[in-house]
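Trainee: Can we go through this one together? I'd like to start with a helix and work outwards.

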Amino acid sequence: MDLKEKTVAALKQHACGEELLGLPAALPGASVLIPLLLRDGELRLLLTVRSVHLKQHAGEVCFPGGKRESGDRDEVHTALREAEEEIGLHPDTVQTGLLITPVVAFIEDSFEARPNTDEVSEVFTLPLEFFTKEADHSGYPVPSVFGPTHSFMYTDPSTGHIHQIWGLTAALAITVAVLALGKKPEFEVGFNLDDPASGFKDALNHRLSKL
């Protein structure tokens, strides 16, 4: 079994059931895509930087995603549609169904992003293992749905750009790293990793209620 097969098998153990697929009707549904890829034998995570011209969360690092539209069939469709609109990731090249809301997906290592500059100013990848290391991590006793607020500072060696990855994005990245790699973080997490699907839904419900 190669690394991709092992990762898929590990993530499928935490795939949520039908009862977690939908968000309450009173909330505006949303989904994020968490794209994984294998490059040079290493698991990497793809992230985007939101355009500075956006009204909400301008300039922040995040996953591709957004609010559900009336024509979307389900959360997976929402995540894939948003990813195609934001970075040019065609749905036919994505292997999904590993974890729903958020949606973890494998993409081709040869994928070259075509950012929609109205929404995305930059796309970059980094090692998934980064989110288990203490070196570039900080934790703040700021209340959130995941307990303390986690923050990472990552310097992209290809551009020299320094990115802060924090809040919900950081919490999701930590959890996917733990599930996919089978490694505990070198720092205190402060939220439950044993039932991530329920935790994700609670977090998204809380965040969406404030939009």
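Trainee: Helix 3, then: mostly covered or mostly open?

Mentor: Mostly covered. This is a predicted model, and in it 13 of the 15 residues of helix 3 are buried.

Trainee: What span does helix 3 reach from its first C-alpha to its last?

Mentor: Helix 3 covers residues 167-181 and reaches 21 Å, close to the 21 Å expected at 1.5 Å a residue.

Trainee: And what comes just after helix 3?

Mentor: G182, with a positive phi of about 70 degrees.

Trainee: Going back along the chain, which way do the side chains of strand 9 point?

Mentor: They alternate. H163 and I165 point to one face and are buried. I162, Q164 and W166 point to the other face and are not buried.

Trainee: Why would they alternate?

Mentor: In a regular strand the side chains alternate between the two faces of the sheet.

Trainee: In what sense do strand 8 and strand 9 pair?

Mentor: Antiparallel, over five bridges, with strand 8 running through residues 149-155. One of the bridge partnerships joins T155 to I162 in strand 9. That is I162 from the face that is not buried.

Trainee: How many residues lie between strand 8 and strand 9 in the hairpin?

Mentor: Six. The turn includes G160, which has a positive phi of about 80 degrees.

Trainee: Those were glycines. Which residue has a positive phi although it is not a glycine?

Mentor: D40 is one, at about 55 degrees. D40 sits in the loop between strand 1 (30-39) and strand 2 (42-50). H57 also has a positive phi, of about 55 degrees, and is not a glycine either. H57 belongs to the loop between strand 2 and strand 3 (61-62).

Trainee: Is D40 buried or exposed?

Mentor: Exposed, because its relative accessibility is 80% and the cut-off for exposed is over 50%.

Trainee: And what about H57, how exposed is that?

Mentor: H57 has a relative accessible area of 33%, so it counts as partly exposed.

Trainee: Zooming out, how many helices and strands does the protein chain have?

Mentor: Four helices and nine strands. From the N terminus on, the order is α-β-β-β-β-α-β-β-β-β-β-α-α.

Trainee: What share of the whole chain counts as buried?

Mentor: 47% of its 211 residues. The chain exposes about 10,400 Å², and carbon and sulfur atoms supply 50% of that area.

Trainee: Last one: how far apart in sequence are the residues in contact?

Mentor: Taking contacts between residues at least 6 apart, 65% join residues at least 24 apart.

Notes: Residues are numbered from 1 along each chain as its sequence is written. Side-chain values use heavy atoms; hydrogens and water are left out. Helices (H or I, at least four residues) and strands (E, at least two) are DSSP runs, numbered from the N terminus. Buried means under 20% relative accessible area, exposed over 50%, partly exposed in between (1.4 Å probe, protein chains only). Two strands pair if DSSP finds at least two bridges between them. Contact means heavy atoms within 4.5 Å. Accessible areas come from the Shrake-Rupley method with a 1.4 Å probe; for residues, only the protein chains shown count as cover. The expected span of a helix is 1.5 Å times one less than its number of residues.
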